[in-house]
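Student: I would like to work through this protein with you. Can we take it step by step?

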Amino acid sequence: MEPAAASSLAVTRDQAKVSVLGVPSQPGLASHILGAMAKAHIEADVVVQNAGKDGKTDLNFTVRRNDCARTVELLRVQMLPALGAREVVADTGVCKISIAGNGTHSQVGTASKLFGALREEGIQAQMVSTAETCTSVLIDETQLAQALQTLHRAFGLDPQPAQAAGTTSEMRHNSGIGNVTEWPKVLPC
């Protein structure tokens, strides 16, 4: 018997989304940027690099919220001049919801159900991350309660455990889906 597609929801709140925009598209970009951060003891979480367009690309990732200002400063001082990047921005108005369960990756239609439920409520996914037992989506933080209710309903989950288990940490990402100027909020840390 196939495992249930989803058994729980989790919210991640202790992070910030940082984007290095308009970087020349070349091999080793992520290694160079994330390596500079690692030397400064800044851990990146979810990392998304857009496919290059017109010789430029964007690198987007999350860091802990308390590392955001230091990350942005490091990247503005070291990466913009060294790589010829256009801009570094941070977004502090998002959170990550993860739907977990042994069947989230293996059952056909789980992702479709997740994104369909969010779409019906007018909630835009800003970034998506998947793993064997988890699918995560970054949304505008102001829509968190609505998204949790929607996903609990869509997957037939009891809302009490997710709300009681609560919030582990906040996450910020730029998904590379759409243009940065289309984000609901692009704020300095």
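The questions below go from the overall layout to single residues and helix pairs.

Student: How many helices and strands are there in the protein?

Tutor: The model is a predicted one. Its elements run β-β-α-β-β-α-β-β-α-β-β-α-α from the N terminus on. The count is five helices and eight strands.

Student: What share of the residues in the protein is buried?

Tutor: The protein has 189 residues. A residue counts as buried at under 20% relative accessible area. Buried residues make up 46%.

Student: What share of the contacts with a separation of 6 or more comes from residues 24 or more positions apart?

Tutor: Take the contacts in the protein with a separation of 6 or more. Residues 24 or more positions apart account for 80% of them.

Student: Which residue lies 4.6 Å from Val 11, C-alpha to C-alpha?

Tutor: Val 11 sits in strand S1, residues 8-12. Its relative accessibility is 3%, so Val 11 counts as buried. The partner is 86 residues away along the chain, and it is Ile 97.

Student: Is Ser 19 buried or exposed?

Tutor: Ser 19 belongs to strand S2, residues 15-24. Its relative accessible area is 0%. The cut-off for buried is under 20%. Ser 19 is therefore buried.

Student: Which side chain makes a polar contact with the side chain of Ser 19?

Tutor: The contact joins two side chains. Its length is 2.8 Å. The partner of Ser 19 is Asn 60.

Student: How far is Gln 26 from Gly 55 in space, C-alpha to C-alpha?

Tutor: Gln 26 lies in the loop between S2 and H1. Gln 26 has 41% relative accessibility, so it counts as partly exposed. In sequence, Gln 26 and Gly 55 are 29 residues apart. In space, their C-alpha atoms are apart by 8.3 Å.

Student: Is His 41 buried or exposed, and what is its phi?

Tutor: His 41 is in the loop between helix H1 (29-39) and strand S3 (47-49). Its relative accessible area is 69%, so His 41 is exposed. His 41 is not a glycine, yet its phi is positive, at about 60 degrees.

Student: Where is Asp 54, and what is its phi?

Tutor: Asp 54 is placed in the loop between S3 and strand S4 (56-64). With 74% relative accessibility, Asp 54 counts as exposed. Asp 54 is not a glycine either. Its phi is positive, about 55 degrees.

Student: Why are H1 and H2 called oblique to each other?

Tutor: Two packed helices are described by the angle between their axes and the distance between the axes. The axes of H1 and helix H2 (residues 68-83) come within 10 Å and cross at roughly 140 degrees. That angle is neither over 145 degrees nor within 65 to 115. H1 and H2 are therefore oblique.

Student: What is the hand of the H1 and H2 crossing, and which residues of H1 make the contact?

Tutor: The crossing of H1 and H2 is right-handed. H2 contributes Thr 71, Leu 74, Leu 75, Gln 78, Met 79 and Leu 83. From H1 come Leu 29, His 32, Ile 33, Ala 36 and Met 37.

Student: What span should helix H4 have at 1.5 Å a residue?

Tutor: H4 covers residues 144-155, which is 12 residues. The expected span is 1.5 Å times one less than that number. The end C-alpha atoms of H4 agree with the expected value, which is 16 Å.

Student: Which residue follows H4 with a positive phi?

Tutor: Look just past the end of H4. The phi there is near 65 degrees. The residue is Gly 156.

Student: Which backbone oxygen lies 2.7 Å from a polar atom of the His 152 side chain?

Tutor: His 152 is in helix H4. At 5% relative accessibility, His 152 counts as buried. Leu 148 is also among the buried residues of H4. The oxygen belongs to Leu 148.

Student: At what angle do the axes of H3 and H4 cross?

Tutor: Helix H3 spans residues 110-120. Its contacts to H4 involve residues including Leu 114 and Leu 118 in H3 and Leu 151 and Phe 155 in H4. H3 passes H4 in a right-handed crossing. The axes come within 9 Å and cross at roughly 135 degrees.

Technical notes:
Residues are numbered from 1 along each chain as its sequence is written. This is a predicted model: local features need pLDDT of at least 70, side-chain atom pairs count only at pLDDT 80 or more; totals for chains, interfaces and linings use all residues. Side-chain values use heavy atoms; hydrogens and water are left out. Helices (H or I, at least four residues) and strands (E, at least two) are DSSP runs, numbered from the N terminus. Buried means under 20% relative accessible area, exposed over 50%, partly exposed in between (1.4 Å probe, protein chains only). A polar contact is a pair of N or O atoms within 3.5 Å; within protein, one must be able to donate a hydrogen and the other to accept it, and residues adjacent in sequence count only if both atoms are side-chain atoms. Axes are lines fitted to C-alpha atoms, for helices over the stretch in contact, and angles run from 0 to 180 degrees between N-to-C directions. A crossing is left-handed if the near helix is turned anticlockwise from the far one by less than a right angle, and right-handed if clockwise. Contact means heavy atoms within 4.5 Å. Angles under 35 degrees count as roughly parallel, over 145 as roughly antiparallel, 65 to 115 as roughly perpendicular and the rest as oblique.
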